[in-house]
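Trainee: Could you take me through one part of this model slowly? I would like to see how its pieces connect, residue by residue.

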Amino acid sequence: MKAFGKQWITLGFTLLMLVKAWVIPLVYLDYELRKEYIIANLCVNRDNPIVVCEGQCYLAKRVVDAKNQDERRAEQTYMAQLLYQVMDTRKPFVFTVPEYFETPPAVSYDYFSPFFSRISATDIFHPPLV
């Protein structure tokens, strides 16, 4: 895939993440852009001229719906991750018993330190020298 295609894919994923992160601010933006339409057609109290909510009831309902939807999506994602983690179906696990246990080969060194006689107790406890 060419670098140009990778840039478009990256841009698309970035925009998707931004839309997910900006759901509630987009609800507020939608309210501000369509405020007159919401007051005239979608407001709960549009028939009662005494109550002046100016569409705030509609906005509050949309914000609560967006938060609930985000919480449900997060909960579903979390539960799906838990289930897929426990029920990994890519490769079945099979218990196998090895025929023999491999032990690492023993390494022996033939080097003796010249300070070995000074370290040992035989240097201290010996018969008197004549």
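**A close look around Glu54**

Mentor: Happy to, and a good place to start is a charged pair: Glu54 and Lys35 form a salt bridge, with 4.0 Å between the closest N and O atoms. Lys35 belongs to helix α3, while Glu54 sits in the loop between α3 and α4, so this pair ties together parts that are 19 residues apart in sequence. Please keep in mind that we are looking at a predicted model.

Both partners keep some access to the surface. Glu54 is partly exposed, with a relative accessible area of 41%, and Lys35 is partly exposed too, at 23%. The backbone of Glu54 deserves a glance as well. Most residues other than glycine have a negative phi. Glu54 is not a glycine, yet its phi is positive, at about 55 degrees. The loop that holds Glu54 runs between α3 (35-42) and α4 (56-86).

Now follow the backbone oxygen of Glu54, which the side chain of Tyr31 reaches at 2.5 Å. Tyr31 is part of helix α2. With a relative accessible area of 2%, Tyr31 lies under the 20% limit and therefore counts as buried. Setting aside neighbours within four places in sequence, the contacts of Tyr31 are Ile38, Glu54, Gly55, Gln56 and Leu59. Leu59 is 28 residues from Tyr31 in sequence, but their C-alpha atoms are 6.6 Å apart in space.

Next to Tyr31 in numbering is Asp30, and here we meet more charged pairs. Asp30 and Arg34 join their side chains in a salt bridge, at 2.9 Å from N to O. Asp30 also forms a salt bridge with Arg62, where the closest N and O atoms are 3.7 Å apart. That second pair links distant parts of the chain, since Asp30 is in helix α2 and Arg62 in helix α4, 32 residues apart. Asp30, Arg34 and Arg62 are thus linked in a network of salt bridges. As for accessibility, Asp30 is partly exposed at 22%, Arg34 at 32% and Arg62 at 30%. Together with the Glu54 pair, the count comes to 3 salt bridges.

The two cysteines Cys43 and Cys53 are also worth checking. The count of disulfides is 0. Cys43 is in no disulfide, and the nearest cysteine sulfur, that of Cys53, is 3.1 Å away. Cys53 is likewise in no disulfide, its nearest cysteine sulfur being that of Cys43. A distance of 3.1 Å does not meet the 2.5 Å cut-off, so the pair is not counted. Cys43 is buried, with a relative accessible area of 3%, and Cys53 counts as buried at 16%.

To place this part in the whole, the protein chain has 5 helices and 0 strands. Of its 130 residues, 8% count as buried, and Tyr31 is one of the buried residues. Among contacts between residues at least 6 apart in sequence, 46% join residues at least 24 apart.

Helix α2 has another role in the picture, as α1 (3-21) and α2 (23-33) each supply at least two residues of a nonpolar surface patch. The patch covers about 1100 Å², and its members include Trp8, Trp22, Leu26 and Leu33. Its largest share, 6 residues, comes from α1. Trp8 lies in that helix and is exposed, with a relative accessible area of 53%.

Definitions and conventions:
Residues numbered from 1 in each chain as written. Predicted model: local features only at pLDDT ≥ 70, side-chain atom pairs only at ≥ 80, totals over all residues. Heavy atoms only, no water. Helix = DSSP H or I, 4+ residues; strand = E, 2+ residues; numbered from the N terminus. Buried < 20%, exposed > 50% of the residue type's maximum accessible area, 1.4 Å probe, protein only. Contact = heavy atoms within 4.5 Å. Patch = residues over 30% accessible without salt bridge, like charges linked within 9 Å, V, L, I, M, F, W, Y side chains within 5 Å. Areas by Shrake-Rupley, 256 points an atom, 1.4 Å probe, with all protein chains shown as cover. Polar contact = N/O pair within 3.5 Å; in protein donor to acceptor, adjacent residues only side chain to side chain.
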